[in-house]
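Colleague: I am new to this structure and should like to learn how to read it. May we go through its features in turn?

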Amino acid sequence: MDIPYTVEARPDTGVYNAKVGIWLFLSSEVMLFGALFSAYVLIRVGTPAGEWPHGWQNLTLGTLNTVVLALSAITTLMAWVACKIRQFGKFQFFHGCTLLLGLTFLCIKMVEYHQHLNHYEIHLTDGRIADGDMLQNNPKQDYVVIKGRYAAYEEDLYDLRAQKNLKETEIKIPRSQIKDMQSYGPWHNDYLALYFTLTGLHALHILGGSIVIGYLWGPGRRLWKTDPERFTNRVEVSGLFWHFVDLVWIFLFPVLYLT
Amino acid sequence: MDELKTAQPGTARAAAGADPSGHAVDFHQYLRRCLYVFLAVLCAIGLMIFASYLPHYGWAAKVALILAVACVNAFLVAGFLMHLLSEKKLIYTLLGFTAFFFAGLMGLTIYAMHDMPVGTVFH
């Protein structure tokens, strides 16, 4: 059976069916991320002044990821252009670059997640708070070692941007002095819950897009030999999804890293 | 809708090598355009970071400035890389509905922030 309008434009819509399909899908995606962004706005505005974290993210890694994704948006478009001018070699090069950049983004994101999950806030029995990266946490030892600092109040940990020249040292804490300790995972506070939810969902989209791009770059390229125009349309549709993922990050970056 | 009805089956196949606006695809021209867009995106990223460190400005002003730059950034990606500046009417209609519902979603959220039951106590 021949599927209609995979290449030709439908007379009533003016575009081929897959393009209408991807735009309908992207519309639903806008509402999905919109719901999460509205949750962010609600929680952010409802938080009392001075209690919203600032400077908790690694800005260097965040900026690097933004540049990586912006570059991948360029390479995915150039891959489509290469298909349009019937230069398959160039397509393979640019699509391969997109795939590598997508995977680079995910690797950097994993490093960031690891940094958060390895960062601990430790409440001591004398009322002080020790905050820093965990260096040693062996259950057989009666102490833990972190690289961080002491804070007198919880509020001192929120705005790291305002506190310049923070000195971090290696701190050895006996377990007997620990009241409770918690890593900076999504359970830690509202901000980190939103951070992990939004970036986690976005990373899943990057993963999904990478799988599709990898398929078109690998086994899916067989279609190029039999129907290059249809293959080009597949590349365009996957590219539109990739650009959307880039668009989401364009807003996630300032919201989570800069404000 | 007249414009849509004029599209004939086979148009896209016949226009192989053409972009959504119907113009012939020139590799080097696209490469140059992409380079400009990428440079503009880099400038926007730099501007957002710079704005976030601006002293003597309130939080609301900073957020407004940063989000305005982010919107410009998004326009560059959507307009040039997604070809939204030269898309078909149907896609614009679809996006119009999306924008309407998205605005409704955010609007209801903002409205709900001030719609607390009488006697609500904040801790």
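Modeller: Let us begin with domains, whose bounds come from an automatic or database domain assignment. This is a predicted model, and for chain B the assignment gives domain 1 (18-82) and domain 2 (88-114).

Colleague: How many Å apart do the C-alpha centres of domain 1 of chain B and domain 2 of chain B lie?

Modeller: The two centres are 22 Å apart.

Colleague: Which domains does the assignment give for chain A?

Modeller: Domain 1 of chain A is written in two pieces, 17-116 + 188-258, and domain 2 covers 119-183. Their centres, taken over C-alpha atoms, are separated by 35 Å. Domain 1 of chain A gives ten residues to the contact between them, and domain 2 of chain A gives seven. On the side of domain 1 of chain A that touches domain 2 of chain A, three residues are nonpolar, six are polar and one is charged.

Colleague: How should the overall form of chain A be read, and what radius of gyration does chain A have?

Modeller: One may set the radius of gyration beside the value for a compact globule. For 259 residues that value would be near 18 Å, but chain A has 24 Å. Along the principal axes, the C-alpha atoms of chain A fill a box of roughly 75 × 35 × 35 Å. Buried residues amount to 34% of the 259 in chain A.

Colleague: Which secondary structure elements does chain A contain, and in what pattern?

Modeller: Chain A has six helices and five strands, and their pattern along the sequence is α-α-α-β-β-β-β-β-α-α-α. Contacts show how the chain folds back on itself in sequence terms: of those in chain A between residues at least 6 apart, 67% join residues at least 24 apart. A single pair may serve as an illustration of distance along the chain and in space. A:Asp190 and A:Tyr40 are 150 residues apart along the chain, with their C-alpha atoms separated by 9.1 Å. A:Asp190 belongs to helix α4 (residues 190-217) of chain A.

Colleague: Why does A:Asp190 count as partly exposed?

Modeller: The class rests on a count of C-beta atoms within 10 Å, where 20 or more make a residue buried and 12 or fewer make it exposed. A:Asp190 counts as partly exposed because it has 17 C-beta neighbours inside 10 Å.

Colleague: What does chain B contain, in helices and strands?

Modeller: Chain B has five helices and zero strands. Buried residues make up 15% of its 123 residues. Of the contacts in chain B with a separation of 6 or more, 49% are between residues 24 or more positions apart.

Colleague: How does one read a single helix, and which residues of α3(B) are buried?

Modeller: An α-helix has 3.6 residues a turn, so residues three or four places apart point the same way. In α3(B), the buried residues are B:Tyr30, B:Val41, B:Ala44, B:Ile45, B:Met48, B:Ala51 and B:Ser52. The cover over these buried residues includes α2 (59-84) and α6 (228-258) of chain A, together with α4 of chain B. As to length, α3(B) has 26 residues and reaches 37 Å from its first C-alpha to its last, close to the 38 Å expected.

Colleague: How many residues does each chain bring to the contact between them?

Modeller: Chain B brings 46 residues and chain A brings 44. On the side of chain B that touches chain A, at least two residues come from each of α1 (2-5), α2 (11-14), α3 (27-52), α4 and α5. The residues on that side are 33 nonpolar, eight polar and five charged.

Colleague: Which residues other than glycine have a positive phi, A:Tyr5 and B:His83 being examples?

Modeller: Among them, A:Tyr5 has a phi near 55 degrees and B:His83 a phi near 60 degrees. A:Tyr5 is in the segment before α1 (17-46) of chain A, whereas B:His83 lies in the loop between α4 (59-81) and α5 (89-113) of chain B.

Colleague: Finally, what confidence does the predictor report for chain B and for the complex?

Modeller: Where pLDDT is low, the predicted coordinates should not be read in detail. Chain B averages a pLDDT of 81, and 80% of the residues score at least 70. Over residues 1-15 of chain B, however, pLDDT stays under 50. The complex has an ipTM of 0.88 and a pTM of 0.89 from the predictor.

Notes
Residues numbered from 1 in each chain as written. Chains lettered and ligands numbered in written order. Predicted model: local features only at pLDDT ≥ 70, side-chain atom pairs only at ≥ 80, totals over all residues. Helix = DSSP H or I, 4+ residues; strand = E, 2+ residues; numbered from the N terminus. pLDDT = per-residue confidence, 0-100. Contact = placed C-beta atoms within 7 Å. Nonpolar A, V, L, I, M, F, W, Y, C, P; charged D, E, K, R; others polar. Rg over C-alpha atoms; globule rule 2.2 N^0.38 Å. Expected span 1.5 Å × (residues − 1).
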